[in-house]
Amino acid sequence: MCSQFQVKLPLHVVEASFSHTRFPLRFPAGRPNIEPREEVTIGDSAAVVTQGAAGPEMAPLPFAWKGPNGRPVFNFRSDGRRFDGSRLCLVPASGFFEFTEAQPGQKRKTRWLFTLREEPWFWMAGIVRDGAFALLTTSPGEDVAPYHDRQVVVLPPHDGPDWLDLARPEKELLRPLDAGALTVERVFPPLTPTLL
């Protein structure tokens, strides 16, 4: 499951995704400095957007809350659930990682980076509990299925605001993207160029 993601985007790009909505993005804790991060992992703090009393607002929250067994809850299955009573959030990202078995001769698992084709960034749908966020998952689309049996819910930049106020039915948003929407790159072990 997705326990790591990447954030490489300036704040004004995130703000612009709310330009077509009635309410602009607000910053009750001050404008965050979204510095480029190769990796956000469980326990790290990340800037997320939630629905406040006066509209969407961005503030940092930790990634994953503690479950009843003490383990971190970083992914939350969306299938067959309703979220109209939940505190919804949007997590901006430029990529997310999945892991498969180690390549021959390697001890660490193979790491794959997924990005949205023809877009420098996207939203991941999530929920907030106990002052932390988890990413919603769905069945894998064709792009992710060869690597994992679940995937995070990826929303193109223009669809994010619809998740915050449930402007569209959940089943339209909490689903995998069409085949070919995501690109995948092996980042560990790195691919070495073939010598001619």
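Is D130 buried or exposed? In this predicted model, D130 has a relative accessibility of 70% and therefore counts as exposed, since the exposed class begins over 50%. The residue sits in the loop that links β11 (122-129) with β12 (132-138). Its backbone also deserves a look: D130 is not a glycine, yet its phi is positive, at about 50°.

A positive phi is also found at L166, again a residue other than glycine, with a value near 45°. L166 belongs to the loop between α2 (160-164) and α3 (170-173). With a relative accessible area of 24%, L166 is partly exposed, because that class lies between the buried limit of under 20% and the exposed limit of over 50%.

Further along the chain, the backbone offers another feature to look for. The peptide bond that runs from F188 to P189 is cis, and its omega is near -10°. F188 is the last residue in the range of β15 (182-188), and P189 is found in the segment after this strand.

Turning to the interior, what does the search for empty space show? Rolling a probe the size of a water molecule over the atoms shows where empty space is left. The structure holds one cavity of 30 Å³ or more, and the largest cavity contains about 30 Å³ of space. Its lining is made up of G141, E142, D143, Q151, L177, D178, A181 and L182. By character, the lining residues of this cavity comprise three charged, three nonpolar and two polar ones.

Methods:
Residues numbered from 1 in each chain as written. Predicted model: local features only at pLDDT ≥ 70, side-chain atom pairs only at ≥ 80, totals over all residues. Heavy atoms only, no water. Helix = DSSP H or I, 4+ residues; strand = E, 2+ residues; numbered from the N terminus. Buried < 20%, exposed > 50% of the residue type's maximum accessible area, 1.4 Å probe, protein only. 1 Å grid on protein atoms, 1.4 Å probe; cavity = no way out; pocket = protein on both sides within 12 Å on 5 of 7 lines; lining within 4 Å. Points joined across faces, edges and corners; volume = space filled by probe spheres on them. Nonpolar A, V, L, I, M, F, W, Y, C, P; charged D, E, K, R; others polar.
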